[in-house]
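Visitor: I have this model open at my bench and would like a close look at one part of it. Could you take me through that part slowly and then show me how it sits in the chain?

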Amino acid sequence: MEKLIFATGNKGKLREVKDIFDDSGIEIMAPFELGKDIEVEETEATFEGNAFLKAEAIFNEFKLPVVADDSGLEVEQLNGDPGVYSARYAGKNCTFDDNNNKLIKELSSLPQPHKARFVSCAVFFDGENRLIATGYLYGIIIDEKRGTNGFGYDPIFVPDGFDLTISEMSFDQKNSISHRKVSFEKLKELLKSV
């Protein structure tokens with residue numbers, strides 16, 4: 001397998017996954033790099049369901065093997081929310097800032113620490129084989145945004161064992177510990193059997 005389409009329009013995610021596959025001899029491309037901007041509505045109730053929804057839609061469009069992921073943040077005190085709604089937690093066309101502000105507000109009346117984990121469910125689909133791998137990054141949510149790197153909830157998430165938010169870390173430091181790194185490294189191993 002020489003090429004894989006990564007079902008994403010997020011350039012931050014694309015850069016992370018290209019970096020993970022850098023030593024594999026597999027070229028990772030996004031649909032927009034192939035001239036198509038494809039939005040797949042995430043209508044499933046699980047990360048796995050949404051990841052396969054995206055993988056199948058992109059496979060049907062290009063007829064090439066696809067990797068996809070669905071990821072999000074689960075906060076212990078909010079019973080796992082925002083979960084699969086992480087990207088649109090503050091509403092349909094919200095920004096990363098909107099989501100961060102809403103989460104900080106929701107947690108403001110609850111005792112610290114606000115334990116949370118990032119979840120990434122990575123899948124592979126080639127029309128026949130379906131592979132799945134999940135990765136986690138545990139930490140806490142803080143009540144102020146810090147740092148300018150990263151995206152999503154990175155400015156308010158401090159991983160266990162660190163004093164920095166993910167947004168305060170370098171790209172390489174983040175990518176060495178991220179939930180996406182864990183899930184896609186597992187998936188990369190599984191791909192050796194296909």
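Guide: Happy to; what follows starts at Thr165, moves to its partner Asp154, and then steps out to the loops and the whole chain. Please keep in mind that this is a predicted model.

Let us begin with Thr165, which you will find in the loop between β6 (157–159) and α4 (171–177). Is Thr165 buried or exposed? Its relative accessibility is 0%, so Thr165 counts as buried, the cut-off being under 20%. What does Thr165 touch, once its neighbours within four places in sequence are set aside? The contacts are Ile142, Arg146, Asp154, Pro155, Phe157 and Val158.

Asp154 in that list deserves a stop of its own. Asp154 belongs to another loop, the one between β5 (130–141) and β6. Asp154 is buried too, because its relative accessible area is 4%. With residues up to four places away in sequence left out, Asp154 touches Phe118, Asn149, Thr165, Ile166, Ser167 and Lys174. So that you can find the link to Lys174 on your screen, look for the polar contact of 2.8 Å that joins the side chains of Asp154 and Lys174. Lys174 falls within the numbering of α4, which runs 171–177.

Now stay in the loop between β5 and β6, and look at Thr148, which lies there as well. Here the setting is the opposite: at 78% relative accessibility, Thr148 counts as exposed. If you would like a distance to check, the C-alpha atoms of Thr148 and Tyr89 are separated by 21 Å, with these positions 59 residues apart along the chain.

Other loops hold some backbone features that are easy to miss. Most residues other than glycine have a negative phi, and most peptide bonds are trans. Against that background, the peptide bond from Asp81 to Pro82 is cis, with omega near 0°. Pro82 sits in the loop between β3 (66–75) and α3 (96–107). Another cis bond, again with omega near 0°, runs from Gln112 to Pro113, and Pro113 is in the loop between α3 and β4 (114–125).

Two residues to inspect for phi are Lys63 and Asn79. Lys63 has a positive phi near 55° although it is not a glycine; you will meet Lys63 in the loop between α2 (47–62) and β3. Lys63 is exposed, as its relative accessible area is 54%. Asn79, also not a glycine, has a positive phi near 55° and lies in the loop between β3 and α3. Its relative accessibility of 74% makes Asn79 exposed.

Finally, let us step back to the chain. There are five helices and six strands, and along the sequence they follow the pattern β-α-β-α-β-α-β-β-β-α-α. For 194 residues, a compact globule would have a radius of gyration near 16 Å, and the chain agrees with its 16 Å. Its C-alpha atoms fill a box of roughly 50 × 30 × 25 Å along the principal axes. Of the residues, 46% count as buried. Of the contacts between residues at least 6 apart in sequence, 59% join residues at least 24 apart. The accessible surface comes to about 9,800 Å², and carbon and sulfur atoms account for 46% of that surface. As for charge, the chain has 23 positive and 34 negative charges, and their mean positions are 1 Å apart.

Key:
Residues are numbered from 1 along each chain as its sequence is written. This is a predicted model: local features need pLDDT of at least 70, side-chain atom pairs count only at pLDDT 80 or more; totals for chains, interfaces and linings use all residues. Side-chain values use heavy atoms; hydrogens and water are left out. Helices (H or I, at least four residues) and strands (E, at least two) are DSSP runs, numbered from the N terminus. Buried means under 20% relative accessible area, exposed over 50%, partly exposed in between (1.4 Å probe, protein chains only). Contact means heavy atoms within 4.5 Å. The radius of gyration is taken over C-alpha atoms; the globule rule is 2.2 Å times the number of residues to the power 0.38. Accessible areas come from the Shrake-Rupley method with a 1.4 Å probe; for residues, only the protein chains shown count as cover. Lys and Arg count as positive and Asp and Glu as negative; His and the chain ends are not counted. The place of a charge is taken as NZ of Lys, CZ of Arg, CG of Asp or CD of Glu. A polar contact is a pair of N or O atoms within 3.5 Å; within protein, one must be able to donate a hydrogen and the other to accept it, and residues adjacent in sequence count only if both atoms are side-chain atoms.
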